[in-house]
Amino acid sequence: MTAKKSVLIVAQDDGGRLDPVVFDTVTAAKRLTGGAQGGVAAVLTGPPGTQALAEELWATGVADVYVAEHAALAEPRADSHARAVAVAVRQARPSLVLVGQTLLGRDLAPYLAARMDAGVIMNATELRLDASGATEVVCPIYGGGVQAVYRVSESPPSVVGFQRTVKSTAERVSHSRGRVIPVDPGLGGFKDKVKLVERSARSGPRLEEANVVVSGGMGLGEAKNYRYIEELAEVLGGLPGASRAICDLGWAARARQVGLTGTRVFPNLYMAVGIAGASQHLAGMSTSKVIVAVNTDTKAPIFKYARYGVTLDCVEFLPAFIAECRKLKSHS
Amino acid sequence: MVKIAVLAKEVPDSDIVDAFAFAGRLQIDPATKTIRRENIAVGMNSYDAQAVEAAMRLRDAGVDCTIQVLSVGGIAPQALFQRSFALGADEGYHLVDNSFAGVDSMGCAHILAAAIRHLGGADLILCGRQGTDYDQGVVGPTVAALLDIPCVSIAKDVRLVSPGIARVVRAIPDGEETVDVELPAVVTISNELGVPRYPTAMAAFAARRKKPVTLSAADIGLDAARVALSGERVRRVEIDIPKREGTCQFLEGNSASDVAAKLAQALSKESVI
């Protein structure tokens with residue numbers, strides 16, 4: 001168990017650049033391996049041309065990048081990508097495989113583990129070593145209300161799904177060119193049984209990258225009051241969010257949902273308006289820098305996370321606060 | 001006849017767990033590294049209930065199908081099966097074995113995949129996107145990988161458009177993705193599917209007479225050592241309930257504008273607006 005640690009990161013692309021979660025996995029992997037030379041490698045899987053992303057990985061100090069390119073890897077499907085990653089794992093022989101939890105990553109990690117006959121654990125927020133030098137993985141469970149620590153075996157390497165809890169930054173630590181190690185993904189006879197019919201285009205700024213998020217919940221009372229949330233978000237140069245409850249009711253669009261099964265956000269300012277703070281919601285926003293809660297129930301869980309609390313009715317408070325913010329913005 | 005298998009799990013009621021955790025009443029069992037379940041109601045994982053709903057909608061849409069519900073272990077699994085029968089499930093399979101105690105998601109997937117094989121396979125395997133207890137989301141994709149069939153995750157709509165092809169609408173961060181998947185396949189269901197129906201009182205009453213078939217590891221041809229292996233590879237060594245003291249500064253004033261001004265000032269000072 002005390003053998004040298006090595007981590008293989010499954011690096012995923014996000015429209016021509018690395019997905020931001022890759023930088024979090026690099027940071028976590030470096031910490032685990034103590035920055036040992038060659039301790040962290042990465043694998044890129046995608047259509048021909050994917051290799052270009054290796055430069056972004058070299059810049060983070062990951063020198064060895066395994067690259068599997070194949071036309072069948074153009075679509076983000078777990079089955080094909082897991083096959084390609086499994087080949088790289090056999091070549092790299094890491095003690096741990098780290099997968100950022102993108103839409104693809106969430107399916108890829110268990111697929112890969114099944115394919116390698118290895119263990120798998122998802123939602124990791126931290127990797128660490130125990131006193132004996134074994135690898136431990138910290139994961140929130142029960143929507144975040146409970147925290148569990150798992151000891152994972154290293155042979156075969158366990159597959160760990162890693163989630164974003166902070167806004168990632170791609171820190172350039174290296175200017176040297178690393179290595180590209182080509183991998184044959186072994187997809188010769190592979191036939192994709194999933195065919196794309198239609199996909200909404202990614203448009204506009206993203207909730208997870210916003211510096212300010214203003215979210216509304218059941219405390220808004222009725223659907224039409226969500227417009228205050230949108231207006232305040234706009235005034236503050238941020239984006240509107242929503243609790244799962246009001247998305248289920250159709251007061252806000254699905255894409256606005258902040259939480260465990262929605263988008264996880266980490267803005268400088270998070271305003272929870274009329275949101276009690278179910279763990280489902282807290283899991284998606286509790287690492288925001290400054291949290292403001294507006295709720296008439298002073299005992300609502302959200303106040304345990306908030307720096308500032310307002311116990312007025314949201315529909316009474318929002319117009320007043322929007323006016324104040326407009327004033328402030330016009331002076332600055 | 002299309003064979004639909006729904007994979008369902010019994011979990012502690014997540015709202016109660018939430019409320020207990022918040023009130024500081026949630027307790028840990030140090031031996032099993034789980035939360036103590038006394039006084040916490042158990043029921044079908046809500047996402048799995050939506051998978052049952054997805055199966056019922058297929059039947060409503062005129063798909064000639066048999067619906068099986070499979071579940072591993074549990075404290076009071078009869079409730080899960082009775083609800084499924086009351087909603088219209090045709091068959092229930094309860095997987096119980098001493099070797100299944102405390103099994104993790106990977107082990108669970110091995111049990112379910114072996115059971116599906118034992119039952120002659122299924123055309124469409126439906127399950128919740130994740131359990132509300134451990135939030136892993138591992139069972140669906142793993143069962144698919146073990147059976148070497150495709151998996152489409154976080155579905156909000158499932159239809160059979162032509163023989164052997166399911167059209168699935170996924171709730172992805174950007175909105176929606178529609179795919180056609182060749183059957184057999186696993187589809188995991190997300191809450192975007194909508195609120196599941198409740199059984200009628202009459203159906204619930206009638207369902208009380210129906211019992212699931214109990215199957216052991218030996219029955220489904222599964223090596224108990226295989227299940228144990230999963231537990232050894234990923235072992236829960238600690239569990240704890242993070243305490244949250246809370247340092248909220250409540251802003252008060254004579255009017256809403258007064259409070260609004262105070263908040264704007266405070267946030268401005270913090271340089272976040």
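In the predicted model, Pro156(A) is located in the loop that connects strand 8 of chain A with strand 9 (158-162) of that chain. The peptide bond leading from Ser155(A) into Pro156(A) is cis, and its omega lies near 0°. Chain B also contains a cis peptide bond, between Leu183(B) and Pro184(B), for which omega is about 0°. Pro184(B) is placed in the loop between strand 11 and strand 12 (185-189) of chain B. A further backbone feature occurs at Arg93(A), which is not a glycine and yet has a positive phi of about 50°. Arg93(A) belongs to the loop between helix 3 (78-92) and strand 4 of chain A.

Strand 8 of chain A, which precedes the loop of Pro156(A), takes part in a sheet built from both chains. This open sheet has four strands in the order 6(A)-7(A)-8(A)-14(B), and the pairing is antiparallel. Its edges are formed by strand 6 (126-129) of chain A and by strand 14 of chain B, each of which pairs on one side only. From one strand to the next, the twist averages 30°. Within chain A, seven bridges connect strand 7 (residues 135-141) with strand 8 in the antiparallel sense, and Pro140(A) is found opposite Gln147(A) of strand 8. The pairing that crosses between the chains involves strand 8 (residues 146-152) of chain A and strand 14 (residues 234-240) of chain B, which run antiparallel and are joined by six bridges. Here Arg151(A) has Arg235(B), in strand 14 of chain B, as its bridge partner.

The association of the two chains was also described by residue contacts. In chain A, 71 residues are in contact with 69 residues of chain B. Helix 4 (residues 103-116) of chain A supplies the largest share of the chain A side, with eight residues. Classified by residue type, the side of chain A that touches chain B consists of 39 nonpolar, 14 polar and 18 charged residues.

Chain A is assigned two domains, domain 1 (7-183) and domain 2 (207-331). The centres of these domains in chain A, taken over C-alpha atoms, are separated by 33 Å. Contact between them involves 10 residues of domain 1 of chain A and eight residues of domain 2 of chain A. On the domain 1 side of this contact, three residues are nonpolar, five are polar and two are charged.

Chain A also contains an open sheet of seven strands with parallel pairing, ordered 5-9-4-1-2-3-10. Strand 5 (120-124) and strand 10 (179-183) of chain A occupy the edges; each has a single partner strand, so that one side of each lacks a neighbour in the sheet. Neighbouring strands of the sheet are turned against each other by 25° on average, with direction ignored. One of the pairs in chain A is that of strand 1 (residues 7-11) with strand 4 (residues 96-100); these strands run parallel and share four bridges. In this pair, Leu8(A) faces Val97(A) of strand 4 of chain A.

Helix packing in chain A was examined for helix 5 (residues 226-235) and helix 8 (residues 314-331), whose axes come within 10 Å and cross at roughly 15°. The two helices of chain A are therefore roughly parallel to each other. Helix 5 of chain A passes helix 8 of chain A in a left-handed crossing. The contact is made by Tyr228(A), Glu231(A), Leu232(A) and Val235(A) of helix 5 with residues of helix 8 that include Leu318(A), Phe321(A), Ile322(A) and Arg326(A). Eight of the residues in this contact are nonpolar, three are charged and none is polar.

In chain B, consecutive antiparallel pairings were found along strands 9, 10 and 11. Strand 9 (residues 151-162) and strand 10 (residues 165-172) of chain B are joined by six bridges, among them one in which Arg159(B) is partnered by Arg167(B) of strand 10. The hairpin formed by these strands of chain B has two residues between them, and Gly164(B) adopts a positive phi near 80°. Strand 10 of chain B then pairs with strand 11 (residues 175-182) of chain B over eight bridges, and two residues link these strands in a hairpin. Ala166(B) has Val181(B), in strand 11 of chain B, as its bridge partner.

Key:
Residues are numbered from 1 along each chain as its sequence is written. Chains are lettered from A and ligands numbered from 1 in the order in which they are written. This is a predicted model: local features need pLDDT of at least 70, side-chain atom pairs count only at pLDDT 80 or more; totals for chains, interfaces and linings use all residues. Domain bounds come from an automatic or database domain assignment. Two residues are in contact if their C-beta atoms, placed from the backbone, lie within 7 Å. Ala, Val, Leu, Ile, Met, Phe, Trp, Tyr, Cys and Pro count as nonpolar, Asp, Glu, Lys and Arg as charged, and the others, Gly among them, as polar. Axes are lines fitted to C-alpha atoms, for helices over the stretch in contact, and angles run from 0 to 180 degrees between N-to-C directions. Angles under 35 degrees count as roughly parallel, over 145 as roughly antiparallel, 65 to 115 as roughly perpendicular and the rest as oblique. A crossing is left-handed if the near helix is turned anticlockwise from the far one by less than a right angle, and right-handed if clockwise. Two strands pair if DSSP finds at least two bridges between them.
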